[in-house]
Amino acid sequence: MKKIILTVAAALTLGTANAQMPGAPRGPRTAVLVDNDLCGDGDGLFHLVHQLLCTSSDVRGIVGAHVGSQGAWNQKQDEAKKNNAEISVSRAQEIAELCGKAGQINIQPGAPLPMTDEKTPVVSEGAKLIIAEAKKATPEKPLYLLFGGPLTDIASAWLMDPSISKNVVLLWIGGQEYNFGHPFPPQHNVGRNLVEYNLRLDVNAAKVVFNQSDLALWQIPRDVYRQCMYSLAEMDDKIAPLGKIGEYLTSKLGGFARMADTYVLGDSPLCLISTLTTTFEPGAAGCFYETTPAPFITDEGLYDFSKKGRDIIVYKSVDTRLLFGDMESRFRKAANFSK
């Protein structure tokens with residue numbers, strides 16, 4: 001009898017321990033808000049689908065960003081004349097429906113155009129949403145702002161309410177290479193491409209974030225997000241056949257995507273670094289970064305290292321094996337579930 005009691009007691013103890021293990025399902029661990037130019041090239045769409053299919057992040061909102069006044073590469077002529085941010089919102093709504101989350105996420109348009117100077121915010125529903133969600137967060141449980149395009153909306157939100165900086169961590173896909181990163185490809189015209197695309201979309205906003213703000217900034221610069229090359233043969237083989245999600249994503253790549261054998265899914269590190277983290281001491285353990293003083297952003301959008309700001313985190317490499325393996329599996333599971 002004594003042996004039976006001890007066995008039952010041990011089983012109960014084990015059950016209690018298992019229930020308390022950090023790895024047990026407890027719901028989302030990270031609150032995130034996505035801000036991206038979803039009206040532009042298709043990498044932002046891939047990231048958003050992946051982010052919405054992850055179970056450990058709570059997507060508190062989506063803000064549709066602009067792509068400047070020139071329109072995006074893959075926009076039709078009639079779309080290029082419209083408010084880019086509104087087109088981004090419509091893309092986000094389409095993706096929310098594809099992922100079974102229609103009506104469950106607050107989706108708002110950000111600024112329709114870049115900032116006109118470094119002092120005047122572009123007030124938008126998207127900037128207001130960032131402020132509202134930041135106020136619900138705490139320094140201990142911050143809101144991760146996942147920016148895959150221009151910095152207009154966070155620069156504007158910070159100018160509108162600088163107190164939000166204590167409750168947020170800004171992850172930004174953008175900015176050119178650092179001296180500790182990979183050199184820019186020599187076969188390109190470096191002078192023409194010296195200022196990275198997302199920074200160039202709104203230099204004034206970058207100047208606010210880097211030169212003025214006290215925002216915690218984790219930057220994924222051009223040499224690092226370009227590591228996320230995905231073969232178009234893999235795209236046709238692994239993504240395109242995956243039901244409505246695969247059909248939707250591959251249809252939005254734009255004709256220019258077929259100019260090479262690869263496509264850079266450059267916004268996808270946002271999901272990797274914010275969400276695909278370790279169980280204990282959560283972090284993107286397969287990614288490497290350097291803590292460095294923030295460079296001063298010049299009027300031309302260049303880095304001036306003679307003027308050093310607060311410390312920021314700049315990523316040097318990302319774990320593409322985990323990133324793409326997880327993405328493909330989640331897309332496949334979603335396609336099988338919808339059958």
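User: In this predicted model, which residue of E10 stands opposite Trp218?

Analyst: Trp218 faces Ile313 in E10.

User: What makes strand E6 and strand E10 count as paired?

Analyst: Pairing requires at least two bridges between the strands. Strand E6 (residues 216-220) and strand E10 (residues 303-317) share two bridges, so the requirement of at least two is met. Their sense is parallel.

User: How do you know that E9 and E10 are paired, and in which sense do they run?

Analyst: Strand E9 (residues 288-297) is joined to E10 by nine bridges, and the two run antiparallel. Because the criterion asks for at least two bridges, the strands pair. Pro293 stands opposite Asp311 in E10. In the hairpin of E9 and E10, five residues lie between the strands, and Gly301 takes a positive phi near 90°.

User: Why is the packing of H2 and H4 called oblique?

Analyst: Helix H2 (residues 43-53) packs with helix H4 (residues 84-98) at an angle of about 40°, and their axes are 10 Å apart. H2 is therefore oblique to H4, because angles under 35 degrees count as roughly parallel and those from 65 to 115 as roughly perpendicular. The crossing of H2 and H4 is right-handed.

User: Which residues of H2 and H4 meet, and how many of them are nonpolar, polar or charged?

Analyst: From H2, Leu45, Leu48, Val49 and Leu52 meet Arg91, Ala92, Ile95 and Ala96 in H4. The contact of H2 with H4 comprises seven nonpolar residues, no polar residue and one charged residue. Arg counts as charged, whereas Ala, Val, Leu and Ile count as nonpolar.

Conventions. Residues are numbered from 1 along each chain as its sequence is written. This is a predicted model: local features need pLDDT of at least 70, side-chain atom pairs count only at pLDDT 80 or more; totals for chains, interfaces and linings use all residues. Side-chain values use heavy atoms; hydrogens and water are left out. Axes are lines fitted to C-alpha atoms, for helices over the stretch in contact, and angles run from 0 to 180 degrees between N-to-C directions. Helices (H or I, at least four residues) and strands (E, at least two) are DSSP runs, numbered from the N terminus. Angles under 35 degrees count as roughly parallel, over 145 as roughly antiparallel, 65 to 115 as roughly perpendicular and the rest as oblique. A crossing is left-handed if the near helix is turned anticlockwise from the far one by less than a right angle, and right-handed if clockwise. Contact means heavy atoms within 4.5 Å.
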